[in-house]
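Q: I'm just starting out with protein structures, and I'd like a close look at one part of this one. Could you walk me through the place where the two chains meet?

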Amino acid sequence: MNRYDTIYDVMVIGAGFAGMAATLFAAERGLKVAQTGATGGIDFSTGFLDLMAVHPVAEGRYWDSPWDAIDAVIAEHPGHPYARLGKDRIRTAMNDFTSFLQSQKLEYMGHEDRNTPILTPAGTVKRTYRIPRTAWKGTEALRDKAPTLIVDFNGLKGFSGRQIVEMQHKEWPRLKAVRVDFPGSFGELYPEHMAWTLSSPDRCKELADSIAEHAKDVEYIGFPAVLGLNDPVRTVTLLEELTGKHVFEIPTLPPSITGPRLRATFDRGLAPKGVCTFSQKMVLEARRDEDGLFSFLIGVPGDARTVRAKNAILASGRFFGKGLRAERTGVVEPVFGIPVTQPEQRADWHHPHFFDKQGHAINMSGIEVNDSQQPLDAAGKVLHDNLYAAGAIQAHHDWMRMKCGAGIAIATAYRAVEVITEKNGE
Amino acid sequence: MKTLSTTVLIIGGGATGTGLARDLSLRGIRCLLVEKRDINSGASGANHGLLHSGARYVASDSEAAIECREEGEILKRLAPQCIDDTGGLFVAVPGDSEQYIADFESMCARSAIPCSPISTVEARELEPSLSDRIIAAYSVEDAAVDPFMLSLDNLAHAVSLGSEFRCNARVTNLHISNGGIERVTLHDDTTGEDFQVEAELVVNAAGAWAGNIAAMAGARINLLYSSGSLLITQNRLTTRVINRLRKPADSDILVPGGTVSVLGTTSVTIDDPDKSRPTVEEADRIIDDARAMMPILETTRYIRAYAGVRPLVLAGDSSDARNVSRGFSLIDHERDNIGNFVTITGGKLTTYRLMAEKTADLVCAKLGINARCATREVPLPASTMGRWTEPGLTAKTWLGTRDVHDQILCECEMVSRSVIDNIIDTIGSEGPNRGDSMLTAIGLRSRVGKGPCQGGFCGLRVTSHLYDRGCVQSDQGVAELKNFIERRWRGFSPILWGLPAMQADLQEALYCGMMDMELCGQRPDADALGADSMQEISALGGRE
């Protein structure tokens with residue numbers, strides 16, 4: 001049987017964090033999984049995994065403990081996706097997710113019960129739950145305000161060591177920056193190409209040599225996240241040996257390598273688990289047949305084929321991911337036509353100020369689901385008993401302001417797969 | 001307090017103020033122009049960019065129609081670098097007044113406005129985006145004008161003739177004694193310093209803010225503020241200006257501007273010119289109305305909305321009714337017992353030169369100077385001040401040099417680092433006259449932030465570059481970036497459906513989700529940043 005004739009246990013619609021997590025969890029439980037979706041949110045990711053850090057959004061209150069923050073947000077927003085999951089499950093989901101990444105050489109660090117402050121490419125500090133090992137030393141340098149050198153490169157736009165130093169200098173006087181030429185390159189630089197280049201130990205040596213003079217009096221060296229593609233820890237370790245300093249990465253603006261690293265890790269790790277990936281293909285149409293199976297038309301108009309599955313997990317994200325479509329007259333869910341909870345009129349979607357701490361009402365919009373992550377129709381009834389939804393498409397959260405994007409994606413995907421697995425066993 | 005002295009102090013750096021500075025300078029009179037924000041930051045920077053043939057006014061105001069025709073001819077001849085001589089069409093759709101359609105040609109003839117009837121088939125051949133339901137069409141001599149290049153060229157010429165200007169300088173008081181303005185105090189918002197100006201004569205060319213300035217002198221001008229919103233499409237939809245063939249109303253003009261088209265406008269009365277901003281409701285209204293003449297407007301991608309304030313002078317307070325009918329008001333404040341104070345407001349972009357001429361005539365009469373207006377004959381020299389506002393020029397320059405080290409910082413509009421450096425150097429040489437923020441000033445002088453990303457990416461990249469160059473310190477650059485994004489948001493938020501909604505989602509994911517910028521520093525107060533007036537209309541290719 002070819003991949004179009006197979007009847008899959010689960011079709012995962014979406015290739016962002018939620019889609020990847022759902023695919024991973026389903027494959028690990030032995031389900032036959034198909035996955036579709038174009039380049040998603042992962043490709044724009046910092047590589048940090050946010051769990052929960054800010055509540056109430058309007059007060060901009062940061063929480064040290066993501067778990068306490070989850071309690072607080074559930075108390076005030078009972079519709080929040082976390083309210084349907086339970087902390088133990090969320091914890092297990094996050095741990096399973098990072099264990100998989102670690103097994104694929106993308107190790108994550110963090111504290112069990114608290115968020116960790118870390119530098120962003122703008123020079124601001126954000127708090128997050130899980131951090132790639134290659135960035136971890138940066139949290140120590142920031143915590144200790146240790147003598148640190150930020151290295152940036154001629155030709156890499158949107159990343160300024162000087163900006164980070166200027167943003168931090170009041171708190172962190174022993175932070176300094178230097179700009180050097182990237183080994184063996186000139187002109188405009190792109191993180192992916194740089195990461196490939198630095199997979200070569202010779203180039204790492206050249207890089208270490210070019211900054212040696214500037215790094216004499218520091219303990220840490222921070223680089224834009226370009227230190228290797230498939231095995232960045234190896235590159236970081238090599239640079240630490242070459243320089244004799246602690247080395248860390250700071251995410252760059254998209255296009256970056258931190259997101260593609262995650263995607264590459266999934267591509268590597270999911271294929272051996274038997275996952276069938278229809279990559280860069282979109283679901284054009286979904287139909288539930290009389291036998292209860294889903295038929296999906298996937299591809300591009302004019303070149304589309306049908307794929308069938310017993311269950312579906314809708315993990316198509318929000319507007320950027322195309323899971324929700326904003327039309328002039330309202331927000332719709334384009335694949336299944338699931339009703340979308342939203343402000344009454346478009347004039348209420350956004351706050352007049354982009355940075356207002358209230359956030360934008362549209363961000364709390366989305367589809368309604370029950371405790372089993374099954375989407376509900378306008379009457380509050382389960383739409384299809386074999387359809388589930390995971391991630392940002394769910395209503396009643398503002399992942400960007402609450403800093404809970406990865407957590408919601410991973411934990412809701414985990415729960416959806418859990419329910420499917422339980423039913424399968426019946 | 002530092003004191004500057006000049007012959008004529010001009011308050012307001014819009015089309016009228018800069019046009020007046022040039023007119024007076026050509027007559028040998030030294031001027032100092034002060035502007036509270038930046039050049040064209042009021043209505044002169046937030047209009048259609050339409051150089052009227054006059055046809056729009058043939059029914060309601062034949063005198064204004066004639067003025068437009070005459071001024072349009074002069075500008076096409078003397079300032080071709082600012083003008084894209086597109087031509088225009090007036091088209092009617094079912095339901096439009098058949099009487100108006102029938103009378104249109106003779107009304108145009110009455111004001112000697114060139115106008116030729118063409119078949120609806122021919123109209124659709126010329127402009128395929130027109131509705132196949134149009135029932136009448138006329139060809140007229142409308143054109144598109146780049147108001148930024150126009151004002152910057154006027155100012156540059158005035159400066160080359162010995163006049164001066166200061167941006168970001170806000171008038172705080174007009175000191176009256178012995179029946180005249182003795183001195184004017186100002187606050188420099190860039191340096192935070194106060195300074196004063198002594199002038200023989202003060203001209204209030206503050207546009208919609210003219211009433212506020214006059215009030216400082218104890219004079220009263222009865223102004224009505226009409227806020228008008230416009231939409232910018234991502235692509236240029238027509239070659240020509242398209243007008244609806246009906247009595248002037250909302251949403252009936254589409255003007256090409258370089259690579260985009262501008263659609264509008266609305267008319268909403270507001271009580272404070274600083275409170276003009278485009279709304280979701282207006283964006284919807286414009287599209288719902290205008291799609292009758294061009295159905296493509298329903299599905300086209302919009303990249304931005306913006307709003308400007310028309311200052312309408314109410315007849316009640318005007319001693320001269322003629323002024324009202326002419327569309328602009330020239331007020332000699334002798335009537336308020338202030339001998340050396342003149343206000344010029346109202347009017348249209350198309351007639352800015354005439355407004356400047358009449359004002360300069362009055363100024364000369366009051367100063368006892370015998371000098372004739374030269375702006376009807378002397379060509380407006382093209383300056384380099386506004387050159388980077390021209391769509392495509394930055395990309396061409398970048399391709400032309402093929403400097404591998406020169407990066408594109410704004411990918412939507414292909415603005416390279418060397419162009420940004422060029423602008424920074426220009427602003428630097430202007431010293432304290434730069435705008436209230438380096439990033440905003442760069443935005444005003446280039447296409448940065450004008451493309452579909454609306455600053456989402458280029459804002460971050462240019463900010464990093466400003467840090468690299470040492471132009472901003474500490475958290476100032478990020479604060480300016482937040483300001484910049486907040487200003488773009490005013491025009492971005494009304495059109496957030498379809499692709500722009502996805503773009504906005506990504507922008508928030510970057511700024512808030514990734515970098516927590518909503519939590520750092522103060523939220524910039526976009527309302528306090530003045531009227532919506534960023535440079536929206538692309539500069540035109542007339543220089544080619």
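A: Here's a walk along the interface, with a short stop inside one chain at the end. Keep in mind that this is a predicted model.

Let's start with who takes part. Chain B puts 57 residues into the contact, and chain A puts in 59. Together they bury about 5000 Å² between them, and carbon and sulfur atoms account for 60% of that area.

Now for the charged and polar links. Between chain B and chain A there are 10 salt bridges. One to find on your screen pairs K403(A) with D516(B), where the closest N and O atoms sit 2.9 Å apart. Across the interface you also get 29 residue pairs in polar contact, counting pairs with both residues at pLDDT 80 or more.

Which pieces of chain B do the touching? At least two residues each come from α7 (280–290), β21 (408–410), α13 (458–468), α14 (476–492) and α15 (499–514) of chain B. Of these, α15(B) gives the largest share, with 12 residues. Sort the chain B side by class and you get 29 nonpolar, 10 polar and 18 charged residues.

Finally, that stop inside chain A. Helix α1 (residues 17–28) and helix α3 (residues 87–103) of chain A pack at about 85 degrees, with axes 11 Å apart, so α1(A) is roughly perpendicular to α3(A). On the α1(A) side you'll see F17(A), A21(A), L24(A), F25(A) and E28(A), which meet A93(A), D96(A), F97(A) and F100(A) of α3(A). By class, that contact has 7 nonpolar, no polar and 2 charged residues.

Methods. Residues are numbered from 1 along each chain as its sequence is written. Chains are lettered from A and ligands numbered from 1 in the order in which they are written. This is a predicted model: local features need pLDDT of at least 70, side-chain atom pairs count only at pLDDT 80 or more; totals for chains, interfaces and linings use all residues. Side-chain values use heavy atoms; hydrogens and water are left out. Axes are lines fitted to C-alpha atoms, for helices over the stretch in contact, and angles run from 0 to 180 degrees between N-to-C directions. Helices (H or I, at least four residues) and strands (E, at least two) are DSSP runs, numbered from the N terminus. Angles under 35 degrees count as roughly parallel, over 145 as roughly antiparallel, 65 to 115 as roughly perpendicular and the rest as oblique. Contact means heavy atoms within 4.5 Å. Ala, Val, Leu, Ile, Met, Phe, Trp, Tyr, Cys and Pro count as nonpolar, Asp, Glu, Lys and Arg as charged, and the others, Gly among them, as polar. Buried area is the accessible area (1.4 Å probe) that two parts lose on being put together, summed over both. A salt bridge is a side-chain nitrogen of Lys or Arg within 4 Å of a carboxyl oxygen of Asp or Glu. A polar contact is a pair of N or O atoms within 3.5 Å; within protein, one must be able to donate a hydrogen and the other to accept it, and residues adjacent in sequence count only if both atoms are side-chain atoms.
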